[in-house]
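Work through the exercises below with the sequence and the model open. Try each task before reading its solution.

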Amino acid sequence: MQSVIPTKSKLPDVGTTIFTTIGQLSAEHQALNLSSGAPSFDCDPLLIDSTARAMRAGHNQYAAMPGLMALREALADKVERLYGGRYDPESEITILASASQGLYSAISALVHPGDEVIYFEPAFDSYSPIVRLQGAVPVPVKMSLENYAIDWDAVTAAVTPRTRMIIVNSPHNPTGMVFSEEDIRRLTALTSGTPILILSDEVYEHMVFDGVPHRGMAAYPALAERSVVVSSFGKTFSVTGWRVGYCLAPAELMLEIRKVHQFMVFAADTPMQYAFAEALGKPESYLGLAAFYQQKRDILRDALRDSPFKLLPSAGSFFLLAQFSHFSTDSDNDMVIKLIRDAKVSSIPLSAFYRDGTDTGMIRLSFAKDEATLLEGARRLCAWRP
């Protein structure tokens, strides 16, 4: 059907996300999936049993707008136990319909037309469009891909009187970088005494490797008082399709976030909230994730040792970056398509994580997969020749 109404796009340069495009192309070529951050293995069966039990008990209608109180209380206890910061479950914790909704709600509520928002590239692809939809200006600062370092002098230079927010993401998608104490020190010094907000995307908080702690904003009072922390039950409990997340923030900030949240979805899925409240009562359900995913990282890394790719370090998250520029002049988009077509393995071009499409000669691989998938994917990539 042809619309008779002319449109004026708010995002004229934005098309279908790379994740959808690669998914469709992979299905067409029956490629093995090392592209998406969705686990290929099942969640704990007890989580499904808990959800079904909640459904049978009649918990199938709207939850309270801020979320099930039992879940908010469990989160307050968990955060205090792990990071030391105490959030009031009544006014400082909100359950959301995914971490993505949390990012949108926080930016929409707290960023205004003409404001500037600093973030670090490569970056999760939703940050910039959400900022632009508010009539605000995204200000990307590029990370070094040699050591994943944030150039804090460049960040300082990017700050202007219009800077409203800095978006941070640790563990980082797509590089696997995690914040160091020096990063925390520089971020604290940069924002101290300013009206700058921090939006901290911590969806991979429990996937930090090699004995390094997760340095989240809740652990640092000077940062927590100006931060919105967003995290994901889907990532933590391997149920990305359930679309439930949460955010933490001082009450004054949370009041504004909830104003947006209530008009977006009002409340997250009810039976899943009961299941997550029960799961949080068993800390082993998430405290073992670092070792679990580190093993998967190591399986993929070791299995790719004889491949033509150069693998970069991954200190956290679900992802490894693989460099190919030393053996090919292909663009990363062309390389991804070639691998899907010829090696029957899907990945993501790193240029998709840059607003200007910077081509670094790298692709992103996901190790959030079962061992058989990781080994078969590596076998195909090792057998493939450019």
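**Exercise 1. The four-stranded sheet**

Task: Find the strand order and the pairing sense of the open sheet of four strands.

Solution. This is a predicted model.
- Step 1: Read the strands across the sheet. The order is β9-β10-β13-β12.
- Step 2: Assign the sense. The pairing is antiparallel.
- Step 3: Mark the edges. β9 (310-311) and β12 (348-349) each pair on one side only.
- Step 4: Look at one pair. β9 and β10 run antiparallel and are joined by two bridges. Leucine 311 has alanine 322 of β10 opposite it.

**Exercise 2. The seven-stranded sheet**

Task: Lay out the open sheet of seven strands and name its edge strands.

Solution.
- Step 1: Write the order, which is β2-β8-β7-β6-β5-β3-β4. Pairing here is mixed.
- Step 2: Pick out the edges. They are β2 (93-96) and β4 (137-142), each with pairing on one side only.
- Step 3: Add the twist. From one strand to the next, it averages 20 degrees.
- Step 4: Zoom in on β3 (residues 116-121) and β4. Six bridges link them in the parallel sense. Valine 117 has proline 138 in β4 as its bridge partner.

**Exercise 3. Helices on the sheet**

Task: Which strands do helices α4 and α7 touch?

Solution.
- Step 1: Take α4 (residues 99-110). This helix packs on the sheet and touches β2, β5 (163-169), β6 (197-201), β7 (227-232) and β8 (245-248). Its direction makes about 160 degrees with that of β7.
- Step 2: Take α7 (residues 181-191). Helix α7 also packs on the sheet, touching β5 and β6. The angle between the directions of α7 and β5 is about 170 degrees.

**Exercise 4. Two loop residues**

Task: Is glycine 135 buried, partly exposed or exposed? Is histidine 206 buried or exposed?

Solution.
- Step 1: Place glycine 135. This residue lies in the loop between α5 (127-133) and β4.
- Step 2: Check its accessibility. The value is 41%, so glycine 135 counts as partly exposed.
- Step 3: List its contacts. Beyond neighbours within four places in sequence, glycine 135 contacts Pro113 and Gly114.
- Step 4: Place histidine 206. This residue is in the loop between β6 and α8 (221-224).
- Step 5: Check its accessibility. Histidine 206 has a relative accessible area of 8%, so it is buried.
- Step 6: List its contacts. Leaving out residues up to four places away in sequence, histidine 206 touches Lys78, Leu82, Tyr83, Thr236, Tyr286, Leu289 and Ala290. Its side chain also makes a polar contact of 3.0 Å with that of lysine 78.

**Exercise 5. Helix α13**

Task: Which residues of α13 are buried, and what covers them?

Solution.
- Step 1: Check the length. Helix α13 (residues 289-303) has 15 residues and spans 21 Å from its first C-alpha to its last, close to the 21 Å expected.
- Step 2: List the buried residues. They are Leu289, Ala290, Tyr293, Lys296, Arg297, Asp298, Ile299 and Leu300.
- Step 3: Find the cover. Elements over these residues include α9 (233-236), α12 (284-287), β10 (319-323), β13 (362-366) and α15 (371-383).

**Exercise 6. Cysteines**

Task: How many disulfides does the structure hold?

Solution.
- Step 1: Count them. There are zero disulfides.
- Step 2: Check cysteine 43. Its relative accessibility is 14%, so cysteine 43 counts as buried.
- Step 3: Check cysteine 382. Its relative accessibility is 16%, so cysteine 382 counts as buried.

Definitions and conventions:
Residues numbered from 1 in each chain as written. Predicted model: local features only at pLDDT ≥ 70, side-chain atom pairs only at ≥ 80, totals over all residues. Heavy atoms only, no water. Pairing = 2+ DSSP bridges. Axes fitted to C-alpha atoms, helices over the stretch in contact; angles between N-to-C directions. Contact = heavy atoms within 4.5 Å. Buried < 20%, exposed > 50% of the residue type's maximum accessible area, 1.4 Å probe, protein only. Polar contact = N/O pair within 3.5 Å; in protein donor to acceptor, adjacent residues only side chain to side chain. Expected span 1.5 Å × (residues − 1). Disulfide = S-S within 2.5 Å.
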